Amino acid sequence: KSFFDWQLSLANLQVYEKAYSLSFERLAATRRNVSLGDRPGIDTVEARIQMQDRYVQLLQAQNDVLTARLQLSVYLWSENNQPLELKSNVIPDPTTQTILLEKIESSTQTNNNQNFNHPYLKILDLKISQLEIDKKWKKEKLKPLLNFSYSPLTDANRFSALSFNQNKWGVGFAFPLFLRKERGDLQLAQIKIQTAQWERDQKRNELQNKLTIATNRFANLRSQESLQEQNVGNYEKLWLSEKKMFELGESSLFMINSREMSYMTSQIKLNELQNKLIKSGLEVEYSKGQLTIQ
C-alpha cells in the first residue's frame, strides 16, 4: 500500500505541475494581450490569482511526495540491516500496477470457494487433529491395566545359573469399577472436537464472506475506473475546445480556467480511484490468505 501511495503522489504531482505550468504561461499571455489592448486589465489579476492557487497546490503535492517516499523507505533495508532512503530520482515502474491488476482480475474470475484453503483454517484443522489424538488417549484409559514384573533372585552376571525358579515374577491387573472419570473425560474430549469443528466452519464462512465482499468491491471499482477514464477524456475535449475559443477571442479567462480545473480535478479523481482499485485488489489476495499474487 505504501508503494502505491507513493505512486499516487507522483501521479498527482505531474497533474499539478502541468496545471501550474499552464497557469504561468496564461499569465504571461494575458499580460501581453492587456498591453496590446486585447484584454481588460482585470484579467491579469485573475490569471495571477489562478497561478498562485495552483502554486500552493503544487507545493502541497511536493510535500505529499516527500511524505510518501519516507513512508515507503521504512520498508527498505540493506543486506546488513541498515535502513535505506528512497532517492528522489527513483520513480515507480509504470507497468507494475497494470500487471498486478491483470493477475488479480484473472484470479477473481477463476475464484472457487470450494478450493478455499486459508492458512487460518489449516491452524484450526491442526487443532482438531490434536484433539483427536487426545480423544484416542482418553479411550485408552477405558481399557484394563495389566502390569507384568520380573526380577532375578541371583547375580545378574551368572546367566548360566538362571532358571525359572530363581526369578521373581509378578502380574498386576487393575480395572475401575464405574469408569466415571474416564467416561467423562472421553465425552469432554468429544465435545471439544465438536466445538472446534463448529469454530472452523464459522471461521470458514467469515473468511469466504470477506473474500466475496473484497471481490465485489474490486469489480465495482473496476467499473468506476472505466467510467472515470471516459469522464477524463470528455473533460479534456471540453477544455481543448474552450482553449481554441479563448485563443480566437470567443471565450473568457474565467471559462478557460473553469474548464481546465474540471479536467485537472477529474484526472486527480482518476488517480485516486486507481489507487483504491489496486489496494482493493491486494485486499482480495489477502482475503485468500496468500502471501504472493498467483
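How does Phe3 count at 26% relative accessibility: buried, exposed or partly exposed? Phe3 counts as partly exposed (buried is under 20% relative accessible area, exposed over 50%, partly exposed in between; 1.4 Å probe, protein chains only). This is a predicted model, where local features need pLDDT of at least 70, side-chain atom pairs count only at pLDDT 80 or more, and totals for chains, interfaces and linings use all residues. Residues are numbered from 1 along each chain as its sequence is written, and side-chain values use heavy atoms, with hydrogens and water left out.

**View 1. The chain has 6 helices and 2 strands.** Helices (H or I, at least four residues) and strands (E, at least two) are DSSP runs, numbered from the N terminus. The order from the N terminus is α-α-α-α-β-β-α-α. Of the 294 residues, 31% count as buried.

**View 2. Phe3, Phe4 and Trp6 form one aromatic cluster.** The structure holds 5 aromatic pairs (ring centres within 6.5 Å, using the six-membered ring of Trp; planes under 30 degrees apart are stacked, over 60 edge-to-face, the rest tilted). Phe3 and Phe4 pair edge-to-face, at 5.0 Å centre to centre and 90° between the planes. Phe4 is buried, at 6% relative accessibility.

**View 3. Phe3 also pairs edge-to-face with Trp6.** Their centres are 5.8 Å apart, with 65° between the planes. Both residues lie in helix 1 (residues 2–36), 3 residues apart, about one turn of the helix. Trp6 is buried, with a relative accessible area of 3%.

**View 4. Lys203 lies over the face of Tyr120.** The distance from the ring centre is 4.7 Å (cut-offs: NZ of Lys or CZ of Arg within 6 Å of the ring centre and within 35 degrees of the ring normal).
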